[in-house]
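User: I'd like to go through a structure with you, a few residues and helix pairs at a time. Mind if I just fire off questions?

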Amino acid sequence: MARLAIFASGNGSNFQAIAEEIQKTGHTISCLICDRKKAYSFERAKNLGIKSYYVPYFERSKEAAEQEIAEIIEKEKADIIALAGFMRILSHQFVEKYKNRIVNIHPSLLPKYPGTGAIEKSYNSGDEELGITIHYVDGGVDTGPIIRQESFKRKFNEPLEEIEKKIHNLEYTAYPEVIKNLLDSYQ
């Protein structure tokens, strides 16, 4: 069975959704890697029995942080890496090292609204259809090959909070499914 490493930076709700689904399969979640010491992701990992690592970026080079991450990936023998709210842009060298093995989720229908603030940008756009994109990570920001998109027709009287909830519900369902399929095909 394949092994998954998950990178997160914050609350970890996507991390938990992924972990709970993957733990039902024969695959292994090798570890959580997080770049923020006080992130709630660590508590979620502890509650799920998943090994976690804190890798700081503060007052060190991106290369040093990524070298530490790569050493963890190798030690934990991770086959696939899932970014789940990991708020760092990985270097071209790191992405190339793990080419076609790093996936990310983005809360818009790419190529629209890459980068941060995507839900708000989508909401303010007037677009009739909103959704999520799951994609491979490449050297750009949310520019990698698209694996899957899910969407819904918006009601223009819905508040932003309702749209955010719908986006997150799509994420919690679709992302674990895509990751499971990738892990299944990795063997």
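Analyst: What follows is a short round of questions and answers on this predicted model.

User: Where does His27 sit along the chain?

Analyst: Look at the elements on either side of His27: α1 covers 13-22 and β2 covers 28-34. His27 falls between those two, so its place is the loop between α1 and β2.

User: Is His27 buried or exposed?

Analyst: The relative accessibility of His27 comes out at 6%. Buried means under 20%, so His27 counts as buried.

User: Which side chain does the side chain of His27 make a polar contact with?

Analyst: The pair in question is 2.6 Å apart. A polar contact needs N or O atoms within 3.5 Å, and here the partner of the His27 side chain is the side chain of Asp184.

User: Why is there no bond between the sulfur of Cys31 and the closest cysteine sulfur?

Analyst: A disulfide needs two cysteine sulfur atoms within 2.5 Å. For Cys31 the closest cysteine sulfur is in Cys34, and that is too far for a bond. Cys34 is in no disulfide either, with Cys31 as its nearest cysteine sulfur. The distance is 12 Å.

User: And how many disulfides does a search of the whole structure find?

Analyst: The search covers the whole structure, not just the Cys31 and Cys34 pair. The number of disulfides found is 0.

User: Are Cys31 and Cys34 buried or exposed?

Analyst: Cys31 has a relative accessible area of 0%, and for Cys34 the value is 0%. Buried means under 20%, so Cys31 is buried and Cys34 is buried.

User: Are α1 and α2 roughly parallel or oblique to each other?

Analyst: The axes of α1 and α2 (residues 41-48) are 9 Å apart, and the helices pack at an angle of about 20 degrees. Angles under 35 degrees count as roughly parallel. The contact brings in Phe15 and Ala19 of α1 and Arg44 and Leu48 of α2, among others. So the label for α1 and α2 is roughly parallel.

User: How about α5 and α6, roughly perpendicular or oblique?

Analyst: The axes of α5 (residues 118-125) and α6 (residues 160-186) come within 10 Å and cross at roughly 120 degrees. Roughly perpendicular runs from 65 to 115 degrees, and roughly antiparallel starts over 145. The contact includes Tyr123 of α5 and Ile163 of α6. That makes α5 and α6 oblique.

User: Is the crossing of α5 and α6 left-handed or right-handed?

Analyst: This is the pair whose axes cross at roughly 120 degrees. As α5 passes α6, the crossing is right-handed.

Key
Residues are numbered from 1 along each chain as its sequence is written. This is a predicted model: local features need pLDDT of at least 70, side-chain atom pairs count only at pLDDT 80 or more; totals for chains, interfaces and linings use all residues. Side-chain values use heavy atoms; hydrogens and water are left out. Helices (H or I, at least four residues) and strands (E, at least two) are DSSP runs, numbered from the N terminus. Buried means under 20% relative accessible area, exposed over 50%, partly exposed in between (1.4 Å probe, protein chains only). A polar contact is a pair of N or O atoms within 3.5 Å; within protein, one must be able to donate a hydrogen and the other to accept it, and residues adjacent in sequence count only if both atoms are side-chain atoms. Axes are lines fitted to C-alpha atoms, for helices over the stretch in contact, and angles run from 0 to 180 degrees between N-to-C directions. A crossing is left-handed if the near helix is turned anticlockwise from the far one by less than a right angle, and right-handed if clockwise. Contact means heavy atoms within 4.5 Å.
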